[in-house]
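Open the model in your viewer and have the selection tool ready. We will make a few stops, and at each one you can pause and look around.

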Amino acid sequence: MTSDKILSAARELFEEKGFDLTSVREIAARAGVNVALINYHFGSKENLLFTTMETSMDTTRMKLSDINSSNQTPEEKLKQVTALYVNKIFTNCKFYHFIHREFANTTRTELVEGFTKILNRNTNELRKFLEDGQKKKVFRKEADLELVMATMSGIIYQTTHALFSKRYRRPDEDDDAFRTRIEKYLYELLLKYLKK
C-alpha cells in the first residue's frame with residue numbers, strides 16, 4: 001500500500017514537473033510518507049522512475065502477450081494491438097509525453113539505457129505478432145517491421161500531444177470521436193502496408 005502511494009505520487013509529479021525538478025521530499029509529501037520509506041522501498045529516485053515505467057509497460061506487455069497467444073488471425077491481432085496502443089496512450093497522455101521528454105535528454109545515459117531496456121521488452125512482444133503474420137504469409141515478408149512500429153508511435157504521439165493534436169482534430173470533434181478516427185486510420189494504414 002505504501003509503495004503504491006509513493007508510485008502514484010511520483011508519477012503525478014514526474015508528469016507535472018519532469019524528473020530533474022521533482023525532489024524525493026516532494027514525492028514523500030504528496031504520498032504522505034517519510035522520505036526514508038522511499039529509500040526503503042525503491043533505493044533512489046531513478047529506481048522509482050524505472051518502477052513507475054515498468055509498472056505501466058508490464059501491463060501493456062501482458063496484454064500483447066495475450067493477443068499473441070490467441071487464435072485470432074493476424075488482421076484481428078493488428079486491430080487489437082492498434083486499439084490497445086491508441087487507448088493506452090490516450091488514457092495516459094501526460095505520462096507518455098513525460099517519457100518522451102526524458103528520452104530527449106541523452107546526457108543521462110543511465111536513464112536512457114534503463115528506458116530502452118524496459119521499452120525493448122514491449123517492442124519484442126509487438127514484433128512477435130508481426131513476425132507471426134509474416135510466417136503465416138498474411139503479412140508481406142519484406143515489410144519493414146521497425147518502421148511499422150515507428151509509424152504507430154509517431155502517429156499516436158502527434159495526435160495525442162497537447163499542442164500538435166489541435167492540428168489534426170476536426171471542428172467540434174470530441175475525444176472519443178478523435179480516438180476512434182485515429183484507431184481506424186492507423187489500423188487501415190498498417191494493414192494496407194502489411195498485407196500481401
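Welcome to this predicted model. Start with the lining of the largest pocket: by class, select its 12 nonpolar, 7 polar and 1 charged residues. The space they enclose comes to about 510 Å³. To find the middle, pick M57, Y85, I89, L119 and S153, which are the closest to the pocket's centre among the 20 lining residues.

Next, colour the helices around this pocket. At least two lining residues come from each of α4 (45-69), α5 (74-91), α6 (93-104), α7 (109-135) and α8 (145-160). Which helix gives the most to the lining? That is α7, with 6 residues.

Stay with α6 for a moment and select H97, which is found in this helix. Is H97 buried or exposed? Its relative accessibility is 10%, so H97 counts as buried, the cut-off being under 20%. Now show what surrounds the side chain and backbone of this residue: beyond its neighbours within four places in sequence, H97 is in contact with Y157, T160, H161 and A162.

For the next stop, turn to the largest nonpolar core, which has 53 residues. Select I27 and L194, the members that touch the most others in the core. Colouring by domain helps here: domain 1 (1-43) and domain 2 (44-194) both give residues to this core, so it lies between them.

Finish by zooming in on L194. Setting aside neighbours within four places in sequence, L194 has contacts with L78, L130, V138, F139, R140, A143, L145 and V148.

Methods. Residues numbered from 1 in each chain as written. Predicted model: local features only at pLDDT ≥ 70, side-chain atom pairs only at ≥ 80, totals over all residues. Heavy atoms only, no water. Core = buried A, V, L, I, M, F, W, Y, C linked by side-chain atoms within 4.5 Å. Buried < 20%, exposed > 50% of the residue type's maximum accessible area, 1.4 Å probe, protein only. Domains from an automatic or database assignment. Contact = heavy atoms within 4.5 Å. 1 Å grid on protein atoms, 1.4 Å probe; cavity = no way out; pocket = protein on both sides within 12 Å on 5 of 7 lines; lining within 4 Å. Points joined across faces, edges and corners; volume = space filled by probe spheres on them. Helix = DSSP H or I, 4+ residues; strand = E, 2+ residues; numbered from the N terminus. Nonpolar A, V, L, I, M, F, W, Y, C, P; charged D, E, K, R; others polar.
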